[in-house]
Amino acid sequence: MAFPQTRMRRLRATPGLRDLVRETELRAGQLILPLFVSDTASTQPGGREPIATMPGVQRLSVDAAVEEAREAAALGVAGVMLFGVPAQKDEQGSGAWDEQGAVQLATRAIKQAVPELLVLTDVCLCEYTAHGHCGVLRDDGSVDNDASLQLLARTAVSHAAAGADMVAPSDMMDGRVAAIRAELDGDGFAETPILAYSAKFASAFYGPFREAAGSTPAFGDRRSYQMDYANGREAVREALLDWQEGADMVMVKPALAYGDVIAQVRRATRLPVAAYNVSGEYAMVKAAAAAGYIDERAAVLEILTSLRRAGADTIVTYHAKDAAQWLAHQT
Ligand code: PBG
C-alpha cells in the first residue's frame with residue numbers, strides 16, 4: 001500500500017468540493033453593528049463626529065443613527081447595538097435611564113423607521129458616571145455591587161420601554177441578570193430577552209471604545225469586576241450563572257484572543273452564544289490594512305468565520321456593514 005493512502009487534498013481540489021465540505025457558514029443575519037449615539041453629534045456635519053482610533057466609525061446624532069440602521073438593514077445585517085454618549089454625567093449615572101437619553105431616543109426612532117432591524121441596547125453605567133466606573137461607588141472608591149443592580153435594572157426597563165428588542169448588560173456586577181429579569185417582568189416586559197455579557201474580560205482591546213464613548217475610568221481600572229484574562233474555567237461559571245439567572249443569550253468579550261473561551265461556553269450551555277469583536281480588534285485590522293500590511297476584506301472574513309467556528313452564533317462587530325457587503329458579492 002503506497003503512502004499516503006489518505007490524501008486530505010482530494011477534497012480541496014476545486015471551489016465546488018471546498019464549498020461542499022465547508023463546516024462553517026458566515027451570514028449577514030448573524031451580525032450586529034454597534035452604534036455610538038451622542039447627545040452632541042447633531043452639531044457636527046451630517047450629525048457625525050469621527051472617532052480617531054476607529055476609522056469608519058463615528059459618534060452619531062439620532063438622525064444619523066437612523067441612517068446607519070437603514071443601511072445596515074438594507075445589507076441584511078441582523079441588528080444594531082446602541083451605546084449612549086451623554087453630554088452630562090453624574091455620580092449615579094442617572095443619564096442611563098433618562099427617557100430622553102440618546103439611546104432611548106435612537107431606539108424609538110430606529111424601531112419606527114426600520115422595524116425589521118433588531119435594536120439591542122448596551123446596559124451599563126460607565127458612559128454616564130462622572131467617575132467612569134460601571135457601577136456606583138462607595139466612599140472608599142470601590143464599586144458597590146448591590147447598590148448598582150437597581151440602577152442597571154431601571155436602565156434596562158427604560159430601554160425596553162423605548163422599544164428595544166433585547167437588552168445587553170455589560171457592567172459585570174454579580175446578580176444583574178436576575179435583577180434585570182425581575183424588573184423587566186414586573187414592569188410588563190416579560191418578553192424582552194437578555195443578552196448577558198457573561199464572560200467579559202478586563203482587556204486592553206477596549207481602548208478605542210473608551211475614547212469613542214468617553215468612558216475611561218477617572219481612577220483605577222475595571223479589574224475588580226471584569227474578568228482576569230488568564231481564566232477560562234471561571235468564564236464558564238459566569239455563563240452558567242447567567243443562564244441560571246435567566247439570560248436568553250450569553251456573550252464572550254473580547255473575541256479574537258478568546259476562541260477557546262467561546263468554544264468552552266458553547267459546550268457548557270445550551271443558550272445561543274455571542275462574541276464581541278471589540279474596538280481594539282477592529283482598530284488593529286484597520287491600521288494594518290491602511291498601512292498596506294494586510295488585505296482588509298480577506299482578514300475580516302477570516303476573523304469573523306473563525307469566531308463562528310469557535311462556536312459563536314452571533315457576532316457583534318464594527319465590520320458588520322462591510323462584511324455584509326462582501327458576503328453578498330462573494331466569488
Ligand atoms: C461598557 C462597555 C465597554 C465595551 C462595551 N461595553 C467598555 C468597557 O468595559 O470598558 C467595549 C466595547 C469595545 O471595545 O468595542 N461597559
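## Close-up views of a predicted model

**View 1. A salt bridge within helix α5 joins D185 and R181.** In this predicted model, the side chains of D185 and R181 form a salt bridge in which the closest N and O atoms are 3.0 Å apart. Because D185 and R181 are four residues apart in helix α5, about one helical turn separates them. The two partners can also be described by their exposure: D185 is partly exposed, with a relative accessible area of 39%, whereas R181, at 13%, counts as buried. Elsewhere in the model, salt bridges that share partners join R48, E67, E68, E71 and K321 into one network.

**View 2. R48 and E67 form a salt bridge between a strand and a helix.** Side chains of opposite charge can pair when their charged atoms come close. Here the side chains of R48 and E67 meet with an N to O distance of 3.3 Å. This pair links distant parts of the chain, since R48 belongs to strand β2 (residues 48-50) and E67 to helix α2 (residues 62-74), 19 residues apart. R48 is buried, with a relative accessible area of 19%, which falls under the 20% limit used for that word, while E67 is partly exposed at 41%. The structure as a whole holds 15 salt bridges.

**View 3. K111 and D165 meet in a salt bridge.** The distance from N to O in this pair of side chains is 2.7 Å. K111 lies in helix α3 (residues 102-113) and D165 in the loop between α4 (145-162) and β6, so the salt bridge ties together parts that are 54 residues apart in sequence. K111 counts as buried at 18% relative accessibility, and D165, at 26%, counts as partly exposed.

**View 4. Strand β4 is covered on both faces.** All seven of the seven residues of strand β4 (residues 79-85) are buried. In a regular strand the side chains alternate between the two faces of the sheet. In β4, one side carries G79, M81, F83 and V85, the other carries V80, L82 and G84, and all of these residues are buried. Strands β1 and β4 pair in the parallel sense over seven bridges, and one of the residues to follow here is L33, whose bridge partner in β4 is V80. Strand β4 also runs parallel to strand β5 (residues 118-123), to which four bridges join it. Within this second pairing, G79 stands opposite L118, and V80 has V119 as its bridge partner in β5. Strand β5 is itself mostly covered, with five of its six residues buried.

**View 5. The ligand is buried by the protein, with polar atoms of side chains beside it.** Of the 18 residues around the ligand, K200, R210, K253, S279 and Y318 come nearest. An N or O atom in the side chain of R210 is 2.6 Å from an oxygen atom of the ligand, and an N or O atom in the side chain of R222 is 2.9 Å from an oxygen atom of the ligand. In the side chain of S170, an N or O atom is 3.3 Å from a nitrogen atom of the ligand. Taken alone, the ligand exposes 400 Å², and the protein buries 100% of that area.

**View 6. Two places where the backbone deserves a second look are M172 and the peptide bond from K253 to P254.** M172 has a positive phi of about 70° although it is not a glycine; this residue lies in the loop between β6 (166-169) and α5 (176-186), and at 5% relative accessibility M172 counts as buried. The peptide bond from K253 to P254 is cis, with omega near -10°, and P254 is found in the loop between β8 (249-253) and α8 (259-268).

**View 7. The loop between α1 and β1 holds V21 and E23.** V21 lies in the loop that connects α1 (15-20) with β1 (31-38), and V21 is partly exposed, with a relative accessible area of 39%. Together with L11 and L20, V21 makes a nonpolar surface patch of about 290 Å². E23, placed in the loop between α1 and β1, counts as exposed at 79% relative accessibility. Although E23 and R308 are 285 residues apart in sequence, their C-alpha atoms are 9.9 Å apart in space.

Terms used
Residues are numbered from 1 along each chain as its sequence is written. This is a predicted model: local features need pLDDT of at least 70, side-chain atom pairs count only at pLDDT 80 or more; totals for chains, interfaces and linings use all residues. Side-chain values use heavy atoms; hydrogens and water are left out. Patches are made of residues with over 30% relative accessible area and no salt bridge: like charges are joined within 9 Å, nonpolar side chains (Val, Leu, Ile, Met, Phe, Trp, Tyr) within 5 Å. Accessible areas come from the Shrake-Rupley method with a 1.4 Å probe; for residues, only the protein chains shown count as cover. A salt bridge is a side-chain nitrogen of Lys or Arg within 4 Å of a carboxyl oxygen of Asp or Glu. Helices (H or I, at least four residues) and strands (E, at least two) are DSSP runs, numbered from the N terminus. Buried means under 20% relative accessible area, exposed over 50%, partly exposed in between (1.4 Å probe, protein chains only). A residue is near a molecule or strand if one of its heavy atoms lies within 4 Å of it. A polar contact is a pair of N or O atoms within 3.5 Å; within protein, one must be able to donate a hydrogen and the other to accept it, and residues adjacent in sequence count only if both atoms are side-chain atoms. Two strands pair if DSSP finds at least two bridges between them.
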